[in-house]
Amino acid sequence: MSFDLPLIAEALPKMLMGIGLTFQLLVLSAILGLALAIGVMLMRISGKWYLSWLAQVYIYVFRGTPILVQIFIVYYGFPQLDFIREGFLWPIFRDPFGCAIVALTLNTGAYVSEILRGGVLGVDRGVLEAGEALGLSKSQRFIYLTTPIASRLALPAYGNDIISLLKSTALASTITLADMTGIARTIVAQTYAPYEIFISLAIVYMIVTFFLQKLLGRVERYLGRYTIREG
Amino acid sequence: MEVLSGWWDDFFWGSVVVAQVFLASLVLMVIFGLIGAAAKLSDSRFAQKIANGYTIVFRGTPEILVILLLYFGSAITLTAIAQLFNPEIKFLDVPPFWAGTIAIALIVGSYATETFRGAFLGVKPGSIEAAQALGMSTLQVFVYVRVPEMWRLALPAFGNHMLSLIKDTALISIIGLNETLFVAKQAIGTTGKPFTMYIVVGLIYLGFSTVITLTVMGLERYGHRHMRAAT
């Protein structure tokens, strides 16, 4: 048993062909998930018990079950239901890419809404009182005071969620998608060289994670540009 | 519901496997996390480097990749070793149970490393000094002061690690462990009802998550029992 370097040189470009799909899954579900999370978070803090209750049930279900099960329910499970197959959304659920996006969005939305709620609850009351004293309306206070401060507070945890979302995209390979992991699994099935293929792919993921963290660090510095640095 | 008749006991045994994997990986995860935290807090540069490498690798790689690598990697290594003694052997693997358990324990252990490290750093120096002033040995300080104070700080994050473990058990079905997701796949093969079966799996996991969440809440209350007056 030896480490087959030529094989890596041959397999790596093939695996990198899947990086586009990995990024598509990541970016699309991150954007849709953030939109969903904002909606759910607003429901949660709306003060209306039925909206808050609905949001809590959603969060509880999607945080309490494995993402793989969620992906399987959407991809394999939904076609069992007639109203899905006859509904106008069928083109999305027929397609593994659409299913992966739906499952990843729903999953990340549940986590991110709690992160955002933490940020909103972390906003200093004094700031809001100051806004009230200045005569800002409730929605003005939310837009001009709560939103910028809460997004700064939530960003570190949100960054971690983006990293886990990247790792979750690898599960799209279980529903026939040829993302980087999907391609790697096909190559391993052909060559039976798990060490070479999987380790080099792991390094690719680590590099992507590294750059994502750099990028998030930049955003964090940008959002925190008004805060006074300690020391 | 009648499609489920005949499958209840299979799902039950699948759940037992989930519980077994969870408990085994929980023990390993705590061990990996404590070793990692000890290494990061030690004075040895070498140990710190190794521990840093461990957390970077396992937090930056998709879970499914770690599981596949450990299972298929160990299988070809074992087969190669076995063939030295007996060339007749075609394939030998580490049971998916253990390959998967070790894989998820390594992954979540890398997160636990950071949790434990932070919690040990959060122990108040005053408590340690007080214990030393009372003439306690280093070991006594560790057992009676550091650990009781540290686990209270670690508990909220540790609860999340336990939830990650239980959800990661679903991924082990990919390498053929006969847990609930695997049972569902077989049940779908005969009944043709994927939605029903995967929903059952989801509910089983939701049950496990609920039990863990409630346990952690109870433990937190127990950990803070003598601090109640303060809150």
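In this predicted model, helix α1 (residues 8-41) of chain B packs against helix α6 (residues 138-168) of chain B at an angle of about 135°. Their axes are 10 Å apart. That angle makes α1(B) oblique to α6(B). The crossing of α1(B) past α6(B) is right-handed.

Which residues of α1(B) and α6(B) meet? From α1(B) come B:Phe22, B:Ser25, B:Leu26 and B:Met29. From α6(B) come B:His161, B:Met162, B:Leu165 and B:Ile166. By class, this contact of α1(B) with α6(B) holds 6 nonpolar, 2 polar and no charged residues.

**A helix pair in chain A**

Chain A offers another crossing to study. Helix α1 (residues 5-16) of chain A and helix α11 (residues 194-223) of chain A have axes that come within 10 Å. They cross at roughly 50°. That makes α1(A) oblique to α11(A). α1(A) passes α11(A) in a right-handed crossing.

On the α1(A) side, the contact is made by A:Leu7, A:Ile8, A:Ala11, A:Leu12 and A:Met15. They meet A:Glu196, A:Ile197, A:Ser200, A:Leu201 and A:Val204 in α11(A). The contact of α1(A) with α11(A) divides into 8 nonpolar, 1 polar and 1 charged residues.

**Chain B as a whole**

How many helices and strands does chain B have? Chain B has 8 helices and 0 strands. Along the sequence, the pattern of chain B reads α-α-α-α-α-α-α-α. Its C-alpha atoms fill a box of roughly 70 × 50 × 25 Å along the principal axes. Chain B has 231 residues, and 36% of them are buried.

Sequence distance matters when you read the contacts. Take the contacts in chain B between residues at least 6 apart in sequence. Of these, 75% join residues at least 24 apart.

Confidence comes next. Chain B averages a pLDDT of 92, and 98% of its residues score at least 70. The model scores ipTM 0.90 and pTM 0.91. Where pLDDT is low, predicted coordinates should not be read in detail.

**Where the chains meet**

Chain B puts 31 residues in contact with 30 residues of chain A. Three helices of chain B, α2 (45-60), α3 (63-85) and α8 (194-223), each supply at least two residues of the side that touches chain A. That side of chain B is made of 21 nonpolar, 7 polar and 3 charged residues.

**A buried helix in chain A**

Is helix α4 (residues 67-77) of chain A largely enclosed or largely open? It is largely enclosed by the rest of the structure, because 10 of its 11 residues are buried. The buried residues of α4(A) are A:Ile67, A:Leu68, A:Val69, A:Gln70, A:Ile71, A:Phe72, A:Ile73, A:Val74, A:Tyr75 and A:Gly77.

What do the buried residues of α4(A) pack against? Within chain A, they pack against α3 (49-64), α6 (90-94), α7 (96-121) and α9. Chain B takes part too, through its α7 and α8.

**Four residues, one by one**

The table gives the place and the neighbour count of some single residues.

| Residue | Place | Other C-beta atoms within 10 Å | Class |
|---|---|---|---|
| A:Ser164 | helix α9 (residues 138-169) of chain A | 16 | partly exposed |
| A:Thr176 | loop between α9 and α10 (180-191) of chain A | 11 | exposed |
| B:Thr191 | helix α7 (residues 180-191) of chain B | 14 | partly exposed |
| A:Tyr192 | loop between α10 and α11 of chain A | 11 | exposed |

Why is A:Thr176 classed as exposed? A:Thr176 has 11 other C-beta atoms within 10 Å, and a residue counts as exposed with 12 or fewer. A:Tyr192 is exposed because its count is 11.

Backbone angles add a detail about these loop residues. Most residues other than glycine have a negative phi. A:Thr176 is not a glycine, yet its phi is positive, about 70°. A:Tyr192 also is a residue other than glycine, with a positive phi near 55°.

Now look at distances along the chain and in space. B:Thr191 and B:Val3 are 188 residues apart in sequence. In space, their C-alpha atoms are 6.8 Å apart. A:Ser164 and A:Leu216 are 52 residues apart along the chain. Their C-alpha atoms are separated by 14 Å.

Terms used:
Residues numbered from 1 in each chain as written. Chains lettered and ligands numbered in written order. Predicted model: local features only at pLDDT ≥ 70, side-chain atom pairs only at ≥ 80, totals over all residues. Axes fitted to C-alpha atoms, helices over the stretch in contact; angles between N-to-C directions. Helix = DSSP H or I, 4+ residues; strand = E, 2+ residues; numbered from the N terminus. Parallel < 35°, antiparallel > 145°, perpendicular 65-115°, else oblique. Left-handed = near helix turned anticlockwise from the far one by under 90°. Contact = placed C-beta atoms within 7 Å. Nonpolar A, V, L, I, M, F, W, Y, C, P; charged D, E, K, R; others polar. pLDDT = per-residue confidence, 0-100. Buried ≥ 20, exposed ≤ 12 C-beta atoms within 10 Å, placed from the backbone.
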